[in-house]
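Me: I would like a close look at one part of this model. Please keep it brisk and stay with the geometry.

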Amino acid sequence: MAFNMDSKNRRAPEMNVTPLVDVVLVLLIIFMIVTPMLMREFWTHIPKQEKKEVQPSSSKQDPLVLQVLPGERVLINKTEVTIEQLPGKLRRMFAAKSDHLLFVDIKDDATYGFAVKAMDRAREGGAVSISLLTKKLNQN
């Protein structure tokens, strides 16, 4: 900003507004260029939702539960089998079921290595999903 200070004339100082106008015009041009780039459009295609009624299955199948007990004992639905018989027994049981889900209940006193071996043998028997039980089973 420049002021004209003449000693002969005691007039009011004049302000030079040219730099201010230059800055405002540059900002105007910048905003005019940037604003169209800020507006973006995204096209989304949402699939149509088809509502189908789910029919509950009339035959309720009991889940398969593999219990690993201390002393290297194994129970399938409360029936004791040996570790060698486990894959064959599970193959026959899974043949009658639509899902290949097996619940495993490992007792606290069972050894870790035997529990892993039992789950490996269950996988050989056709168990696709093996879920560990964390709560106690209802003893009926």
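The request and a connected reply follow. How do the axes of helix α2 and α3 cross, and which residues of α2 meet which residues of α3? Please carry on from there to the salt bridges and to the residues with positive phi.

Reply: A word on the source: this is a predicted model. Now the setting. The protein chain has 140 residues, and 19% of them count as buried. Its secondary structure comprises three helices and five strands. In sequence order the pattern is α-β-β-β-α-β-α-β. Take the contacts with a separation of 6 or more: 65% of them join residues 24 or more positions apart.

Now the helix pair. Two packed helices are described by the angle between their axes and the distance between the axes. Helix α2 covers residues 86-95, and helix α3 covers residues 112-124. Their axes come within 8 Å. The crossing angle is roughly 45°. An angle of that size makes α2 oblique to α3. The crossing is right-handed.

Which side chains line this contact? On the α2 side they are Leu86, Pro87, Leu90 and Arg91. On the α3 side they are Ala118, Arg121, Ala122 and Glu124. By class, the contact has five nonpolar residues, three charged ones and no polar ones. The charged residues here are Arg91, Arg121 and Glu124.

Take Arg91 next. Arg91 sits in helix α2. With a relative accessibility of 48%, Arg91 is partly exposed. Leaving out residues up to four places away in sequence, Arg91 touches Glu124 and Gly125. The C-alpha atoms of Arg91 and Ala122 are 9.0 Å apart. Along the chain, 31 residues separate Arg91 from Ala122.

Glu124 has another partner, within helix α3. Arg121 and Glu124 form a salt bridge, with 3.4 Å from N to O. How are these two placed along the helix? They are three residues apart in α3, so about one helical turn separates them. Arg121 has a relative accessible area of 21%, which makes it partly exposed. The cut-off for buried is under 20%. Glu124, at 47%, is partly exposed too. Both residues also belong to the contact with α2.

That pair is one of three salt bridges in the count. Side chains of opposite charge can pair when their charged atoms come close. Here the rule asks for a Lys or Arg nitrogen within 4 Å of an Asp or Glu carboxyl oxygen.

Asp105 and Lys107 make another of these pairs. Their closest N and O atoms are 3.1 Å apart. Are the two partners buried or exposed? Asp105 is buried, at 7% relative accessible area. Lys107 is partly exposed, at 30%.

Arg73 and Glu80 are also joined by a salt bridge. Their closest N and O atoms lie 3.4 Å apart. Arg73 has a relative accessibility of 37% and counts as partly exposed. Glu80 has 48% and counts as partly exposed. By residue range, Arg73 falls in β2, which covers 73-76. Glu80 falls in β3, which covers 79-81.

That brings in the loops around β2. The loop between β1 (64-69) and β2 holds Glu72. Glu72 has a positive phi, near 55°, and is not a glycine. This residue is exposed, with a relative accessible area of 57%.

On the other side, the loop between β2 and β3 holds Asn77. Asn77 also has a positive phi, about 45°, without being a glycine. At 32% relative accessibility, Asn77 is partly exposed. What does Asn77 touch beyond its neighbours up to four places away in sequence? Its contacts are Pro63, Leu64, Val65 and Met93. Of these, Leu64 and Val65 fall in the range of β1, and Met93 falls in the range of α2. The C-alpha atoms of Asn77 and Pro63 are 8.4 Å apart. Along the chain, 14 residues separate Asn77 from Pro63.

Back to the starting point. Helix α2 meets α3 through a set of residues that includes Arg91. Through Met93, in the range of α2, the helix is also touched by Asn77. On the α3 side, Glu124 touches Arg91 and forms a salt bridge with Arg121.

Key:
Residues are numbered from 1 along each chain as its sequence is written. This is a predicted model: local features need pLDDT of at least 70, side-chain atom pairs count only at pLDDT 80 or more; totals for chains, interfaces and linings use all residues. Side-chain values use heavy atoms; hydrogens and water are left out. A salt bridge is a side-chain nitrogen of Lys or Arg within 4 Å of a carboxyl oxygen of Asp or Glu. Buried means under 20% relative accessible area, exposed over 50%, partly exposed in between (1.4 Å probe, protein chains only). Helices (H or I, at least four residues) and strands (E, at least two) are DSSP runs, numbered from the N terminus. Axes are lines fitted to C-alpha atoms, for helices over the stretch in contact, and angles run from 0 to 180 degrees between N-to-C directions. Angles under 35 degrees count as roughly parallel, over 145 as roughly antiparallel, 65 to 115 as roughly perpendicular and the rest as oblique. A crossing is left-handed if the near helix is turned anticlockwise from the far one by less than a right angle, and right-handed if clockwise. Contact means heavy atoms within 4.5 Å.
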